[in-house]
Amino acid sequence: MECAVDAQSLISISLMKIHNSRTQRGGIKLHKNLLVSYVLRNARQVYIKEKYAEIYRMQQYEEVMTVCNEIQELNPLDPEPEDAEEEDLEVAALSCCAPLQDGGGKEPETSFYRSCCMETPGSPCDPFAGNGSHCNKTTVLDLDTHVVTTVENRYLHQDCCCSAPQCAPVPDSPVRKRKGDFGCCASDLEEVSDFSASRKRVRREECTDPNYTDTSNISNLISIFGSGFSGLLSRQADLEQICSKQALASLGAWTRAIVAF
Amino acid sequence: MAGKIVFEGRKGIHLLFLVCVCVMWCFSQVKGAIDEDVAEADIISTVEFNYSGELLATGDKGGRVVIFQHEQESKNRPHLRGEYNVYSTFQSHEPEFDYLKSLEIEEKINKIRWLPQQNAAHFLLSTNDKTIKLWKISERDKRAEGYNLKDEDGRLRDPFRITSLRVPVLMPMDLMVEASPRRIFANAHTYHINSISVNSDHETYLSADDLRINLWHLEITDRSFNIVDIKPANMEELTEVITAAECHPHQCNVFVYSSSKGTIRLCDMRAAALCDRHSKFFEEPEDPSSRSFFSEIISSISDVKFSHSGRYMMTRDYLSVKVWDLNMENRPVETYQVHEYLRSKLCSLYENDCIFDKFECCWNGSDSAIMTGSYNNFFRMFDRNTRRDITLEASRESSKPRATLKPRKVSTGGKRKKDEISVDSLDFNKKILHTAWHPKENVIAVAATNNLYIFQDKIN
C-alpha cells in the first residue's frame, strides 16, 4: 500500500487523472478535477520549494557574501538593460499540455498569461517584481538571508506575461542584479524550459512523447504554472496570498479547459 | 438486548429506543446476484426508504429502479419482521447523448427521493446527471371485462356484430404494479446533478448540481427558479463546488448546501430570491498540524442530512462524520471518526481513486444514532447518547437467516489481535457508499456494490 509521496510523482499522477477524465463516460467531472487540481497545486508548491532549496544549497558561500556586499552599492531603481537572448521556446511543456488543452491555439496560453498578469505584485518578494520588460531574468529576494539572486533565462522558468501589453511594469520594485556566475547550476537546471521575451515567438511543437513521468517534462510542466519562487517566502501571509492567487490563476487554465466541455 | 426504555428526563418522560450497540443486528435478507463478476450496470447507486418505511427503493448504474415492499408479518413466524420483496422494477433513465458537447450522459441514478403519500399511489423522484423524473407507482388489481367494442384479447369487434350493449364489469386480477413517468424535469442543469430534496410543503423540491441549485414545482416542468449560483464570472477563479443540498424537514423556506471546501451554508428563501448570500455559515477551522497534499480532498463534504427533528444536521467527509447544531456555526457538536487508520494511506487511496469515493450517512428514526459506510463492506454505527460505536460487515459469509452480526475491528497498531483485520488487508473495491435506516424501526438497508443487504434487530 505504500506509494511515493514525493511531489513529482504526485504531479504526474494528477496530470494523468486530469487527462483521463476527458475520455471518461459521462463527461468531465468538475468536482473531481477541482480536487485533483488542489493536489497538483500542493505538490507543485512543495516541488518548487525543494527545487529552489536545492539550487540554493549549491551556491558557494562566498558568492552569497559577494552578493551581500553588492547589495549595499546598488541603486535600487536602476533598470538593467535588457539582455535579450532570442532563445527559441523549449516547448516540451506546452506540447505536453496540448492534449489537455484540446490542442487549441494560443488562446489557452494567453489565458495563463492574462491570469498571471491579473496579480498585483505589490510585495517585494514577488518573483515577477522588477522584471518589467525583462522577462528573461528572475530576481528573488530571500527574506531570511536578505540575499538577492537573479537567475538567467535558461536555468529557471520565467513567465513572459510581463511583456504582454496588459501587464504593467512595476517601477516600485527593486531590481537587483547579481553579478555572480551561475555556471554551477546549469547542469541541474538546463532541462527547465523558458519562454522567450515575446509572445509572438511562442511556437508549438508536436508532442511526441507524452510521458509525464519524464523529469524534464515535469519540470517544464511545473514551469507552465508560473510559480516562480513562491516557495521561498518566509512570511506565511505573503505565501498564502501569492501562492493562492497564482495557484488559482494557474488552476484556471485547467478548469477552463475542463469547463470547455 | 433491544427494546424500548422509558425514563424520566428533564422534559418529562421520554421513550427512548435503544439502538446501535445495544441492539443485536442480525441478517435478514440479501438481494442481488452472488456472482463474483459484477456487471457495472448492477452496481447500486442509491438507497431510500419511503416515509412509512413500507417501501424501499434502489437505483443502479444501469438506470433502473427496483422497489421492495415490506410484507406483513406472517403469523407463522412472528419472530421475524416481514420481509422486503420486489414490488416494482422499471427503467428510469436511459443513456443519452448531448450532441452539442459530444458528451454521453450517464443513465446512473444518482438519487431517489420519495414524496409523502397522498393517495393510493406512490410517487418518487429519481435523477441522473441531467434529468429528474417524477414516477407514479400504482397498483392495479382489477380489470374491466365485457367491453362492447373489443374482444377480451383486445381485438376490435366488427361493429355490425354488436347487437346489444352491456356495461363492463371490474373483475379481480393478479396484482400488477405499474410505474409511469408523470413529469420530466429536464434541461435545467449544465453541470452534474448531485442532490434532489423534496420540500416540506410537498409542492416544491430542489435540485443541485456542482454550481447551481434550482427550485422546482412538482407540477411545472418547463421552468425552475435558480436559487443558488456559485459559478464565478471567470471559471479560472473557481475554488469550490456544491456537493450536496437538502431542504429542512419542517421549515419549507430553509435549505442547506455543502461544499467541496468542507463548509455548509444554510439559506432562507424568504430573505431573497437568489440565496447566494447565506443566512448561516458552518465551518470548522482546519487543524494546521494535519495539513497534507490531500487536505482539500478529505475535507470535501460528500453528504449532508438534516436530523428528523430539524435541529441538527450531519455531514460526511472522507474520514469522519460530524453532527452540527444549527444554532452553532463555528464547530460541530459531535465528530465521529469513521476510519482514521486511512489517514496514513491517503496517497495510495489517491492513486487508486478511492479518495474520491462519496460516502453517504443517515440518521435513525429517533436521531439517536447515525450510520455510514466504509471499505471492505464494513459499515459503522455511532450511538450519540452512549458515544459507543460499532463496525459491522455486509458479507455473504454472515448471511445466514437471523444470524447475529459480529462486530468487526480493524487493527491499527503493530499487533493484530485475533479476529481483527489489518489495514493492508482491507478490500478497497468493496465499499459501502449507500445506507438507509427505516424511519420507524430498527431495520437498515446497506448497499454493497451490487447487493442489497437488509438487517434488523433481534426481537426476543
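## Close-up views of a predicted two-chain model

**View 1. B:S102 lies in a loop of chain B, between strands β8 (96-98) and β9.** The structure shown in this and every other view is a predicted model, and it should be read with that in mind. The phi angle of B:S102 is near 50°, which is a positive value in a residue that is not glycine. With a relative accessibility of 54%, and with the limit for an exposed residue set at over 50%, B:S102 counts as exposed.

**View 2. B:D419 is another residue of chain B with a positive phi although it is not a glycine.** Here the angle is about 75°, and the residue sits in the loop that runs between β30 (409-411) and β31 (420-422) of chain B. The relative accessible area of B:D419 is 47%, so this residue is classed as partly exposed.

**View 3. B:S258 is a buried residue of chain B, placed in strand β19 (residues 254-259).** Its relative accessible area is 0%. Leaving aside residues up to four places away in sequence, B:S258 touches B:V241, B:I242, B:T243, B:A244, B:T263, B:I264, B:I301 and B:V304. With B:T243, the contact includes a polar one between the two side chains, at 2.7 Å. By way of scale, the C-alpha atoms of B:S258 and B:D35 are 37 Å apart in space, while the two residues are separated by 223 residues in sequence.

**View 4. The side chains of B:R183 and B:E219 meet in a salt bridge, with a nitrogen to oxygen distance of 2.4 Å.** Because B:R183 belongs to strand β13 (residues 169-185) of chain B, whereas B:E219 lies in the loop between β16 (212-217) and β17 (220-229) of chain B, the pair ties together parts that are 36 residues apart in sequence. B:R183 is partly exposed, at 22% relative accessible area, and B:E219 is exposed, at 52%.

**View 5. A salt bridge joins B:R384 and B:E334, whose closest N and O atoms are 2.8 Å apart.** The two residues come from distant parts of the chain, 50 residues apart: B:R384 is in the loop between β28 (378-383) and β29 (389-393) of chain B, and B:E334 is in strand β25 (residues 334-337) of chain B. Both B:R384 and B:E334 are buried.

**View 6. B:R157 and B:D151 form a salt bridge in which the closest N and O atoms are 3.9 Å apart.** B:R157 is partly exposed, with a relative accessible area of 28%, and B:D151 is also partly exposed, with a value of 30%. Over all chains, the structure holds 34 salt bridges.

**View 7. Chain B meets chain A at an interface to which 37 residues of chain B and 37 residues of chain A contribute contacts.** The area buried between the two chains is about 3400 Å², and carbon and sulfur atoms give 63% of that area. On the chain B side, B:E236, B:F293 and B:Y350 lose the most area to chain A, and together they make up 24% of what that side buries. Six salt bridges are found across this interface, and there are also 15 residue pairs in polar contact. The elements of chain B that give two or more residues to the side touching chain A are β9 (103-105), α1 (295-299) and α2 (346-351), and α2(B) provides the largest share, with four residues.

**View 8. Charged side chains of the two chains are joined by salt bridges.** A:K29 forms a salt bridge with B:E106, in which the closest N and O atoms are 3.9 Å apart. In addition, A:R41, B:E286, B:R291 and B:E296 are linked in a network of salt bridges.

**View 9. Helix α1 of chain A runs over residues 7-21.** At 1.5 Å a residue, these 15 residues should span 21 Å, and the C-alpha atoms at the two ends are in fact 21 Å apart, which agrees. Of the 15 residues, 11 are buried, so α1(A) is largely enclosed by the rest of the structure; among the buried residues are A:L10, A:I11, A:I13, A:L15 and A:I18.

**View 10. Parts of chain A carry low confidence values.** The mean pLDDT of chain A is 53, and 26% of its residues reach 70 or more. Over residues 78-136 of chain A, pLDDT stays under 50, and the model has 151 contacts for this stretch beyond four places in sequence. Over residues 153-245 of chain A the pLDDT is likewise below 50, and this stretch has 232 contacts in the model beyond near neighbours in sequence.

Key:
Residues are numbered from 1 along each chain as its sequence is written. Chains are lettered from A and ligands numbered from 1 in the order in which they are written. This is a predicted model: local features need pLDDT of at least 70, side-chain atom pairs count only at pLDDT 80 or more; totals for chains, interfaces and linings use all residues. Side-chain values use heavy atoms; hydrogens and water are left out. pLDDT is the predictor's confidence in each residue, from 0 to 100. Contact means heavy atoms within 4.5 Å. The expected span of a helix is 1.5 Å times one less than its number of residues. Buried means under 20% relative accessible area, exposed over 50%, partly exposed in between (1.4 Å probe, protein chains only). Buried area is the accessible area (1.4 Å probe) that two parts lose on being put together, summed over both. A salt bridge is a side-chain nitrogen of Lys or Arg within 4 Å of a carboxyl oxygen of Asp or Glu. A polar contact is a pair of N or O atoms within 3.5 Å; within protein, one must be able to donate a hydrogen and the other to accept it, and residues adjacent in sequence count only if both atoms are side-chain atoms.
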